[in-house]
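Me: I would like to go through a protein model step by step, asking about what can be read from the atoms. Please show me the sequence and the structure before we begin.

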Amino acid sequence: MARWCYRHRLVVLLLWVGALFGLGFSASTAGTNYANVFSLPDTDSKSAYDLMEKAFPNTSGDTDTVVWKTDQGSVRDQAVRSRITPALDRIAKMTGVGAVTSPYTGARGAAQISGDGKIAYAQLTFAKRANEVPKDLVQKVVDTARAAEKGGLQVELGGQAIQRVQAPPQGLSEMVGIVAAAVVLFLAFGSFFAMMLPIAIAVFGVGMGLFSTQLLSHTTDIPDIAPLLASLIGLGVGIDYALFIVTRHRRGILRGLDPEESAVTALNTSGRAVLFAGGTVCIALAGMLVTQLRFLDGVVIGTSLTVVLSVMAATTLLPALLGFLGPRVLSRRQRRRLAAEGPEPERASGLAARWSTNVEKRPRRIAALALVVMAVLAIPVLSLRLGATDQGNDDASTTTRKAYDLLAEGFGPGFNGPLQVVSVSGDTATLVKGIESTPGVARVAALPPAQGVTVIQVVPKTSPQSKETDDLIDTLRDRVIPKAGAQAHVGGVTAVSKDFASVTGDRLPLFIATIIGLGFLLLLIAFRSLVVPLTAALMNLIAAAASFGVLVAVFQWGWGLDLLGLGKEGPINAFLPVIMLSLLFGLSMDYQVFLVSRMHEEWVHTRDNARAVRVGLAETSRVINSAALIMVCVFLAFVLSGDSGAAMAGVGLAAAVALDAFILRTALVPAAMHLLGNSNWWLPEWLEKRLPHLAVESKEEGFEAPASDGPASVVHGFIRTADGEPVDGASVMLLSKGGRRLDGVTSLADGSYIVSVPAPGTYLLATTATAYGSRAAQVVVAGGPLVYDVELAEGEVDAVN
């Protein structure tokens, strides 16, 4: 497939561009129809809503507010009333508006004016719930109300329906994330064209994913946060997957491969890993379905679709783009050096190699330090409180945030989250008195009954996000209502949010067990080991605890929250643990597979655990860290989205990826594997026979058919100087007659090496060591292992064509 895409690159590019523009045109024509459906069967707030919908069909819909404030005089003045009243009358006559309650009508209206007479509000009730109200109707309401503004008179609107049309500017966070990723890629590659490849793949994958999600919103319920989360995860994985493939492709060209062969080899190795990683992320996302929360179904659809399209772009569009670039995927300096000095051998050097050696020498110290860091960061998670953000977390420039602040200023913080006690039997007067005497209640008002249903509006003294408001809901349900002998339910937006958090918390253990179990099975099959997947599961839990600790410290405790410009501290969004754990599981599996697959390869060749862990870490840590740095930049950019939910997810995922890559995968995991020794690769024989075989990568990069039929074997021996001294760290490569690399290792301290041979035949053995130059010679392998010692002389270069 990679070769076909490479050779038919123009066709592939035109197909992708046509698909992107076709989907974009269809999506822009159809518009959006996102719906936040909180289906919470068997909850108290759902029972309250069902009763209200039956008794008050025109007022069971979303209730929003029009708030105004005058700088001079009072809102009762004729100058203010003459501007507000006509606007409210026009809104009341709009189709889809159930009722408008003005502060200028009746005794009840007087309660809608603040004590100082500066602020007043009108209640606007739609005939449908917020997600079902047409956006054009909401926009007409906003425009009509805002038209009443004049000098000294401020008019704002609040509520869930209003919030839908006050969406933050789209594209800013994505653009900042892409620019940050481009800077990291340019520093890593040193080439403008190589830098643009992962960016292009991410743009195609995310673009088509968002357009497809937008079209699907007309056929199924997809929440409005799904596109933000889809673009967040899509940008991250799209850039990362392309980075893995492009890095392998560039390495192949530097080692002398033709650009087409290098691209095919890169897709046949790293491309397979990308398919496995993308499938893993989708499986993790699908794990959200076990919570049976309908709100998350649409998130699963949007994010999974974007990940699938990003993988498709990386495995089909990327080889086509590589075909257009050819050797220009390298920097000019690399191309000049390749032309002057010829192919370079593969060897780990620099900071990555030194760090890998340090981990091998001091595994206990490094493991202990990493565990202490993660434990300290995880401490705040002990005070985790799930809930929902409200319009006090909206961007300060939106009308919903301004209305929220005005209502809190004029009527108290609890006014922004009124509770609705819906009673169907019992003594309503006794119930009202009981609620009025409950600590934490600011005011109570009973509405006229209809069809045997009475609604009692309860305004708490505290804000909707505060723990005191949650406690008040529990008090009403557990003590006040039973004591009054009434059959009543507590509803309202605040109660719905609390019930959603409770349901999510109850189902979280099942969800965590599901995704950890899936991860264990996948790694067990991939690496034929019991200890590796157990270690990975433990590391995932540690990373989750530490990242949620960071979230609690920032968003719940308010540490540094002012820097983000997202309002006040509050509970963590109830849906965030499920989404974050899914994404964290999928992304950490990517890094675990990339790291351990190289270690496993070395272990299969040498049966030396210390060497396998050292070589695997040295050769993969740089790519893992670069990929993680890109994801951190992309995720943190979503703080600029203006959406508190997306900002919370961005900070949480950025913290999770940074801790996972920079502490767990490059320090704690290799240190633990050094301490565990050969038991890392233990698997009972009976289980080995029953497990299916799953090849994450092909046999070896550049593998071609063996020289002749026969069993696999090895070449082994020692690398020594002319004086007989062993050469440590020499790079030994076994190449086919065509020059393709079949195996490669680094000599040990005693100079010993061992490379795998696929079958009997003639091969090229190339040896390179710093300060000793390089030597290559043909070796003929018969039926058994071949002993071949190599002597290197200082400064000698033995070039073999």
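Reply: One definition will help us from the start: a salt bridge is a side-chain nitrogen of Lys or Arg within 4 Å of a carboxyl oxygen of Asp or Glu. Please also keep in mind that this is a predicted model.

Me: With that definition, what is the N to O distance between the side chains of Arg665 and Asp660?

Reply: Arg665 is buried, and Asp660 is buried as well. The side chains of these two residues meet in a salt bridge, which fits the general point that side chains of opposite charge can pair when their charged atoms come close. The N to O distance between Arg665 and Asp660 is 2.9 Å.

Me: How many salt bridges does the structure hold?

Reply: The protein chain carries 66 positive and 67 negative side chains, and the centres of these two sets lie 3 Å apart. Some salt bridges share partners, and in this way Arg3, Arg7, Glu260 and Glu261 are joined into one network. Over the structure, the number of salt bridges is 17.

Me: Which parts of the protein does the pair of Glu156 and Arg146 tie together?

Reply: The closest N and O atoms of Glu156 and Arg146 are 3.7 Å apart, and the two residues form a salt bridge. Because Glu156 lies in a strand and Arg146 in a helix, the pair ties together parts that are ten residues apart in sequence. Those parts are strand β4 (residues 153-158) and helix α6 (residues 135-146).

Me: Is Glu156 buried or exposed?

Reply: Its partner Arg146 has a relative accessible area of 30%, and so Arg146 is partly exposed. Buried means under 20% relative accessible area, and Glu156 has a relative accessibility of 2%. Glu156 therefore counts as buried.

Me: How far apart are the closest N and O atoms in the salt bridge of Arg146 with Glu149?

Reply: Glu149 is partly exposed, with a relative accessible area of 29%, and Arg146 is also partly exposed, at 30%. In the salt bridge that Arg146 forms with Glu149, the closest N and O atoms are separated by 3.9 Å.

Me: Which residues does Val155 touch, not counting residues up to four places away in sequence?

Reply: Val155 has its place in strand β4, and at 0% relative accessibility Val155 counts as buried. Val155 and Ala403 are 248 residues apart in sequence, yet their C-alpha atoms are 8.1 Å apart in space. Leaving out residues up to four places away, Val155 touches Val66, Val67, Trp68, Ile84, Ala145, Arg146, Ala148 and Glu149.

Me: What distance separates the C-alpha atoms of Ile162 and Val133?

Reply: Ile162 belongs to helix α7 (residues 160-164), and with a relative accessible area of 0% Ile162 is buried. Among the residues that Ile162 touches, not counting those up to four places away in sequence, are Asp64, Leu157 and Thr399. Ile162 and Val133 are 29 residues apart along the chain, and the distance between their C-alpha atoms is 9.8 Å.

Me: How far apart in space are Gly190 and Ala445, C-alpha to C-alpha?

Reply: Gly190 sits in the loop between α8 and α9 (192-216), and a relative accessible area of 40% makes Gly190 partly exposed. Leaving aside neighbours within four places in sequence, Gly190 is in contact with Leu185 and Ser331. Gly190 and Ala445 are 255 residues apart in sequence, and from C-alpha to C-alpha their separation in space is 68 Å.

Me: Which residues make the nonpolar surface patch of about 420 Å²?

Reply: One of its members, Val183, is found in helix α8 (residues 172-189). At 47% relative accessibility Val183 counts as partly exposed, and patches are made of residues with over 30% relative accessible area. The patch of about 420 Å² is made by Met175, Val179, Val183 and Leu187.

Me: What is the phi of Gln451, and where does this residue lie?

Reply: Gln451 lies in the loop between β7 (441-446) and β8 (454-460), and at 62% relative accessibility Gln451 counts as exposed. In general, most residues other than glycine have a negative phi. Gln451 is a residue other than glycine with a positive value, and its phi is near 50°.

Me: What percentage of the 801 residues in the protein chain is buried?

Reply: The protein chain contains 25 helices and 18 strands, and its C-alpha atoms fill a box of roughly 105 × 50 × 45 Å along the principal axes. Of the 801 residues in the protein chain, the buried ones make up 57%.

Methods
Residues are numbered from 1 along each chain as its sequence is written. This is a predicted model: local features need pLDDT of at least 70, side-chain atom pairs count only at pLDDT 80 or more; totals for chains, interfaces and linings use all residues. Side-chain values use heavy atoms; hydrogens and water are left out. Helices (H or I, at least four residues) and strands (E, at least two) are DSSP runs, numbered from the N terminus. Buried means under 20% relative accessible area, exposed over 50%, partly exposed in between (1.4 Å probe, protein chains only). Lys and Arg count as positive and Asp and Glu as negative; His and the chain ends are not counted. The place of a charge is taken as NZ of Lys, CZ of Arg, CG of Asp or CD of Glu. Patches are made of residues with over 30% relative accessible area and no salt bridge: like charges are joined within 9 Å, nonpolar side chains (Val, Leu, Ile, Met, Phe, Trp, Tyr) within 5 Å. Accessible areas come from the Shrake-Rupley method with a 1.4 Å probe; for residues, only the protein chains shown count as cover. Contact means heavy atoms within 4.5 Å.
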